[in-house]
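Colleague: I've got this one open and I'd like to learn how to read it. Could you take me through a few features, general idea first and then the case here?

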Amino acid sequence: MSLPVYATLPEKIWHYTYLSICALIFFFLIAPVVVVIPLSFNAVPFFTFTEEMLTFDPAGYSLKWYRDFFTNLNWQGAVKNSLVIAVFATLISTTLGTVAALGLSRSEMPHKSVIMGILISPMIVPLIISAAGMYFFYSKIGLSSTHLGVILAHAALGTPFVVITVTATLVGFDHSLVRAAATLGASPQRTFFRVIVPLILPGVISGALFAFITSFDEVVVVLFVGSYEQRTIPWQMFSGIREQISPTILAVATLLVAVSILLLTSVELLRRRSERLRGITPH
Amino acid sequence: MSQVLVTADGVPLKTSLARAQRRSKLKAVALVAPLFVFIAVAFFVPIIDMLFRSVENQLVGEVLHRSMPLLQKWDERSGELPEEEVFAALALDFREAKENKSGGRVGRRLNYEKPGFSGLFRKSARGADRMEAPYREAFIALDEKWGDIENWRVIKRESAPYTISYYLAALDMGYADDGGIARNSEDGRIYLKLFWRTLWMSLFITFLCLILAYPISYLLSVLPTAKSNLLIILVLLPFWTSLLVRTTAWIALLQQEGVINDLVVWFGLVDDDNRLAMIHNRTGTIIAMVHILLPFMVLPLYSVMKTIPPSYMRAAKSLGATPFTAFVRVYMPNTVAGIGAGAILVFILAIGYYITPALVGGQSGTLISNFIAFHMQNSLNWGLAAALGAILLGVVLVLYFLYDKIVGIDNMKLG
């Protein structure tokens with residue numbers, strides 16, 4: 001977006017005002033995410049910049065909150081739980097979600113939109129309601145305060161994302177490729193693994209990443225269905241903020257920002273690869 | 001002349017086709033079935049179970065299983081206390097309740113209807129052992145509340161297996177002395193106010209998100225791809241960052257000794273003693289939630305705006321429209337689908353938000369979700385929590401239905 005050479009003065013003024021408004025909004029979006037990074041190196045247990053930090057005095061900076069994170073058993077247990085729960089929940093939701101998406105994108109599927117609406121509802125129903133329902137029901141069947149209970153709950157919350165991303169990948173899917181494989185003598189299984197899977201893989205992986213982050217970031221259901229034994233990183237952060245605020249939370253936040261940059265890059269690369277594979281050129 | 005077409009093995013073509021279609025339909029259903037069953041069991045059954053809890057009311061009838069059937073014969077409008085046989089059965093019930101310690105639970109349940117029952121039931125469970133006939137006099141001697149017809153009306157009403165009293169409480173209503181339904185007194189009205197506050201704040205947050213998202217989505221859609229890909233990272237990074245990280249960041253920024261207050265004091269805009277209170281109140285909740293939900297507005301707006309050809313605006317201008325008229329009359333109507341999609345999505349997410357208001361909301365910034373959590377974990381009034389949840393769920397489902405009508409669930413895009 002650039003100004004034409006014949007732009008009048010008011011047009012120029014409006015143009016630059018508009019750009020500065022946009023810059024401010026982008027600043028609002030990104031500043032809170034960035035500000036936790038320097039604060040996590042604070043030498044004193046405050047949530048703000050000290051004078052030493054502003055003058056770049058090395059004495060104002062410290063790695064002690066990171067040391068605390070890596071040695072504290074509360075946090076280490078939380079990391080382990082988060083990973084275990086997220087990995088198993090992702091496996092369940094990716095498998096079930098991908099298979100269901102393959103069925104949903106067949107033209108023969110009856111009542112498609114109703115079923116799609118039902119399968120996506122865990123994403124729409126407010127978390128507090130899902131959590132309340134699971135709290136009662138899972139304790140009835142002996143699943144509350146177990147890893148399995150939290151995994152199943154997170155798998156249910158993650159499936160909509162897999163269904164959405166995989167069906168989106170299948171929209172551009174060229175079904176003549178399947179017929180071509182069949183005429184060349186491939187069995188249905190062989191066609192599935194050698195033709196369909198490689199083509200939808202980017203969609204499956206980005207769905208899996210969405211499911212992973214859903215579980216990794218989820219706290220309401222863990223608070224209700226789980227207990228201290230199932231504490232995850234967000235659980236630990238939530239109770240940390242409520243009880244005693246320690247900058248260790250900021251160190252964890254910084255590490256989580258790094259994780260989200262990693263995930264964002266992977267999803268973006270996958271999306272481009274998928275578009276290339278399906279012959280949709282980005283414009 | 002009417003010759004039936006047959007396949008190579010002699011089956012009529014029509015039959016063969018129908019069979020093949022049925023088979024492929026079954027195959028499609030079989031692929032969807034595992035997920036459908038999983039979602040039904042792990043997600044829908046728990047929610048239905050919770051909804052059931054909002055009307056379920058077996059407890060009183062179960063624990064007082066001897067006296068309650070007899071009480072049904074009592075006419076609450078007669079102006080007289082129940083018969084002696086009811087009191088006698090009640091004494092037996094209390095003896096049993098003392099043994100399996102269920103008297104306290106019934107007392108707590110009835111306490112929701114009328115304060116005072118909790119203590120009355122504890123006292124009666126302890127005293128029932130020593131009681132002798134005539135039981136009516138013994139009960140009234142133990143506590144004169146047993147001689148109050150009003151209390152008996154409450155017990156009889158709540159001995160029914162289903163109740164609407166949780167929903168009445170959730171709507172700030174209750175039973176009046178004459179047994180009819182009436183609104184609570186002015187200072188007893190909490191939840192309607194809270195529902196209004198939740199709706200009002202969600203609407204305001206949605207509006208702010210729209211105001212902030214519109215300019216940047218437009219910028220992203222008109223910039224060349226290389227530049228817009230770079231800028232969209234600024235939207236996607238917060239989107240992918242943990243909710244708790246962003247809430248923590250806002251606590252660091254907004255608190256009394258936080259970054260923004262330090263800056264404002266440093267610039268001399270306010271003095272050190274009057275630091276701004278921007279957190280643990282409504283302002284904090286609104287700022288943090290707008291930040292968290294903004295990407296959900298930008299992404300649908302951006303994807304709609306990208307499809308609007310720039311020639312529309314040029315055409316309008318060449319026909320004599322000022323840039324402003326062209327924008328309002330030509331460009332904006334084309335973005336309505338994106339506005340609708342983003343607004344409903346943000347509103348649905350805002351109305352059920354729990355974590356952020358719980359951490360930065362304080363007293364004035366809490367939403368209905370926080371009260372549901374409070375009744376689940378602290379007051380243990382699960383029926384009321386379920387009723388509040390059911391009402392919230394109803395609102396969200398209506399919005400979800402609208403979203404489906406406007407955008408179509410199939411068109412939901414991510415990332």
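Modeller: Sure. Helices (H or I, at least four residues) and strands (E, at least two) are DSSP runs, numbered from the N terminus. Phe216(A), for instance, is found in helix α9 of chain A. This is a predicted model, where local features need pLDDT of at least 70, side-chain atom pairs count only at pLDDT 80 or more, and totals for chains, interfaces and linings use all residues. Residues are numbered from 1 along each chain as its sequence is written, while chains are lettered from A and ligands numbered from 1 in the order in which they are written.

Colleague: Is Phe216(A) buried or exposed?

Modeller: The general idea is a neighbour count: a residue is buried if 20 or more other C-beta atoms lie within 10 Å of its own, exposed if 12 or fewer, and partly exposed in between, with C-beta atoms placed from the backbone. Phe216(A) has 24 other C-beta atoms within 10 Å, so Phe216(A) is buried.

Colleague: And which residues is Phe216(A) in contact with, leaving aside its neighbours within four places in sequence?

Modeller: Two residues are in contact if their C-beta atoms, placed from the backbone, lie within 7 Å. With those neighbours left aside, Phe216(A) is in contact with Ser82(A) and Ala86(A). As for Leu29(A), 187 residues separate it from Phe216(A) in sequence and 22 Å in space, C-alpha to C-alpha.

Colleague: Ser82(A) sits in α4(A), doesn't it? How do I read helix packing?

Modeller: Ser82(A) is indeed part of α4(A). Axes are lines fitted to C-alpha atoms, for helices over the stretch in contact, and angles run from 0 to 180 degrees between N-to-C directions. Here the axes of α4(A) and α11(A) come within 7 Å and cross at roughly 140°. Angles under 35 degrees count as roughly parallel, over 145 as roughly antiparallel, 65 to 115 as roughly perpendicular and the rest as oblique. That is why α4(A) is oblique to α11(A). On the α4(A) side the contact is made by Asn74(A), Trp75(A), Ala78(A), Val79(A) and Ser82(A), and on the α11(A) side by Ile233(A), Trp235(A) and Gln236(A).

Colleague: How many of those are nonpolar?

Modeller: For the classes, Ala, Val, Leu, Ile, Met, Phe, Trp, Tyr, Cys and Pro count as nonpolar, Asp, Glu, Lys and Arg as charged, and the others, Gly among them, as polar. The contact of α4(A) with α11(A) has five nonpolar, three polar and no charged residues.

Colleague: How many residues does each chain give to the contact between A and B?

Modeller: Chain A gives 82 residues and chain B gives 75 residues. Elements giving two or more residues on the chain A side include α1 (9–39), α4 (73–104) and α12 (248–277). α1(A) gives the most, with 13 residues. By class, that side of chain A has 66 nonpolar, 12 polar and four charged residues.

Colleague: What about the nonpolar core?

Modeller: A nonpolar core is a set of buried Ala, Val, Leu, Ile, Met, Phe, Trp, Tyr and Cys residues joined through C-beta atoms within 7 Å. The largest one has 163 residues, and among those touching the most other members are Ala131(A), Val225(A), Leu293(B) and Val346(B). α14(B) supplies the largest share of this core, 15 residues. Leaving aside neighbours within four places in sequence, the contacts of Val225(A) include Ala131(A), Met134(A), Tyr138(A) and Ala153(A).

Colleague: How is chain B divided into domains?

Modeller: Domain bounds come from an automatic or database domain assignment. That assignment divides chain B into domain 1 (1–41), domain 2 (63–156) and domain 3 (191–411). Taken over C-alpha atoms, 47 Å separate the centres of domain 1 and domain 3 of chain B.

Colleague: Any residues with odd backbone angles?

Modeller: Try the two histidines. His111(A) has a positive phi of about 50° although it is not a glycine, and its place is in the loop between α4 and α5 of chain A. His111(A) is exposed, with 10 other C-beta atoms within 10 Å. His280(B) has a positive phi of about 60°, again without being a glycine. His280(B) is in the loop between α13 (259–266) and α14 (282–305) of chain B, and with 19 C-beta neighbours inside 10 Å it counts as partly exposed.
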